[in-house]
Amino acid sequence: MSDKALHITDLVKRYPAGVEALRSVSLDIEPGEFFGLLGPNGAGKSTLIHCTTGLAQPTSGAIEVFGHDAIDNYGEARQAVGLAPQELNIDWFLTVEETLDYHAGYFGMPKRERRERTKELLETFSLTEKRDERTRNLSGGMKRRLILARALMHRPRLLILDEPTAGVDIELRLELWHYVQRINQEGTTILLTTHYLEEAEQLCSKIAFINDGEIVAQGSSRELSDRYGVPNLEDAYLALVGRKELSRSQAEVEVTP
Amino acid sequence: MSVAQIRFFTLWRREVSRFMKIKKQTLGAPLLETFLYISVFGAALGSRVGELHGIEYVVFVIPGLIMMTWSINAFSNNSSSILQQKFQGAIQDQLSSPASPMELLLAFSLGGFMRGLIVALLAFVAASLLVDLPIDHILVLIPGLFLVGFFFSQLGVLVGVRAEQFDDVSFVQTFVLQPLIFLGGVFYSAELLPQPFETLTHFNPIYYMINLVRYGFVGYTEVSIPLSLLALVAATGALFAVNLRLFSTGYKLRA
């Protein structure tokens, strides 16, 4: 039994069509860590998250969340995880308040606690005025807020944010980062995937690069830059995906007389 | 309530709340349809047909209509609900929760079961106001109707899980279920059909369900009641086992 927040060992995910989305991935996230998982589209980030949360069936390997098996006897493991997925997967039939209430119910939270937690998160994410609105009528930004609030309803110890700021305005992005930094300081472990490298650099204490279904490097932002012999995380990422010629810092050096 | 009870009750409540939010469509429309059938076949045609096997025609027809109402509503509720949630991606919220395959399957199943039960109950009350509807064998009627409702709930879950587009659901309902129900003897007695249609009717599983329910109401049957009950229990159990397997393996639900 592992003492890690997330302990993944030799995880393989092969889809029926034969595509191998994850190739023997092993990864450890410490309790309380703010961990970034970066990689190009199709690298395997969402598949890894889906395997951890039960939305995909691993082909082989093991996943433990706070020492609990997340594949076969998944009850405790799933109870500890909150997922804010990339897609705006909200139930159109429900109101904003019902969305939060039902989610907490799926995780066995008693009625009074659900009511209090719903009120708290509606306020935190500026959704109180929209509480009786059907979710299908919400704007994209409001839906994103709701998805984040939903992920937090059952007080997960491990919060997984799969590209949470994709397509959101700067105000919500900053609001979100302030909030997740706060709950991280309070002890919640966070696994973040994002295409905004400066965000990952600022927020994450540890970062892993995933490419073609494999973890190719991990460490702090500084360690990754050093490993690739480049000045920053963005250049390390470009080195990973083989597009060094796009480096902005290199271009600045070249134009400086 | 325990954590598991809260979880299951919430999963089920979500299914019920879905059809209650669109009750004009999910409860009102099927009730009106049943009422129209009773009016047309009872008042308009019934007076000309007179009696079938010593039973007033409209009374002969109503048990089959109640069964039809329950079955179609149980089926369409579950197939639509699951497909809609797959389509929206909203089903991921339930699938990533600690709920077991059994809890998920039962909650989805009982949503459609409830809708069928409510519409059938309303149809029964409406029919009882129009005609004197007997209940001759309540000990056959209740388990018979409940089994029929649960069978079609399971069928709705199966089709909803397998479906990839709304056309897949409507195909089964329009081209498989409705013909089987209409040709299963809701509006007539198979014994009055010429050959080979009478024999062919015996290969229609719905025929046995209609006879079960009709026997429960008016005491008339053309098939063995114990055998029909047994077959229905076996078929419902088999369907439930297939669905449980689908939920356990995540077939078309998990990647």
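A residue counts as buried if 20 or more other C-beta atoms lie within 10 Å of its own, as exposed if 12 or fewer do, and as partly exposed in between, with C-beta atoms placed from the backbone. This is a predicted model, in which local features need pLDDT of at least 70 and side-chain atom pairs count only at pLDDT 80 or more, while totals for chains, interfaces and linings use all residues. Residues are numbered from 1 along each chain as its sequence is written, and chains are lettered from A and ligands numbered from 1 in the order in which they are written.

**Exercise 1. Place His154(A) and decide whether it is buried or exposed.**

Solution. Start with the location: His154(A) sits in the loop between helix 5 (140-152) and strand 7 (158-162) of chain A. Helices (H or I, at least four residues) and strands (E, at least two) are DSSP runs, numbered from the N terminus. Next, count neighbours: His154(A) has 24 other C-beta atoms within 10 Å, so it is buried. Then look for partners, taking a contact as two C-beta atoms, placed from the backbone, within 7 Å. Beyond its neighbours within four places in sequence, His154(A) touches Gly82(A), Ala104(A), Phe107(A) and Met109(A). Of these, take Phe107(A): it is 47 residues from His154(A) in sequence, yet the C-alpha atoms are 6.6 Å apart.

**Exercise 2. Work out how strand 3 of chain A is enclosed, and which strands pair with it.**

Solution. Five of the five residues of strand 3 (residues 34-38) of chain A are buried, so the strand is largely enclosed by the rest of the structure. In a regular strand the side chains alternate between the two faces of the sheet. Here one side holds Phe34(A), Gly36(A) and Leu38(A), the other Phe35(A) and Leu37(A), and all are buried. Now for the pairing, which requires that DSSP finds at least two bridges between two strands. Strand 3 of chain A pairs in the parallel sense with strand 8 (residues 189-193) of chain A over four bridges, and Phe34(A) has Ile190(A) as its bridge partner there. Strand 3 of chain A also pairs in the parallel sense with strand 9 (residues 206-211) of chain A, over four bridges; in that strand, Ala208(A) stands opposite Leu37(A).

**Exercise 3. Describe the fold of chain B and test its radius of gyration against the globule rule.**

Solution. List the elements: chain B has ten helices and two strands, in the order α-α-β-β-α-α-α-α-α-α-α-α from the N terminus. The rule is 2.2 Å times the number of residues to the power 0.38, with the radius taken over C-alpha atoms. For 255 residues a compact globule would come near 18 Å, and chain B has 19 Å, which agrees. Of its residues, 47% count as buried.

Helix 6 (residues 138-162) of chain B allows a second test. The expected span is 1.5 Å times one less than the number of residues. Its 25 residues should therefore span 36 Å, and the end C-alpha atoms are 36 Å apart, which agrees. Of these 25 residues, 18 are buried.

**Exercise 4. Find which helix of chain B gives the most to the side that touches chain A.**

Solution. The contact takes 24 residues from chain B and 25 residues from chain A. Elements giving two or more residues on the chain B side are helix 1 (3-21), helix 3 (57-88) and helix 4 (91-95). Helix 1 of chain B gives the most, with nine residues.
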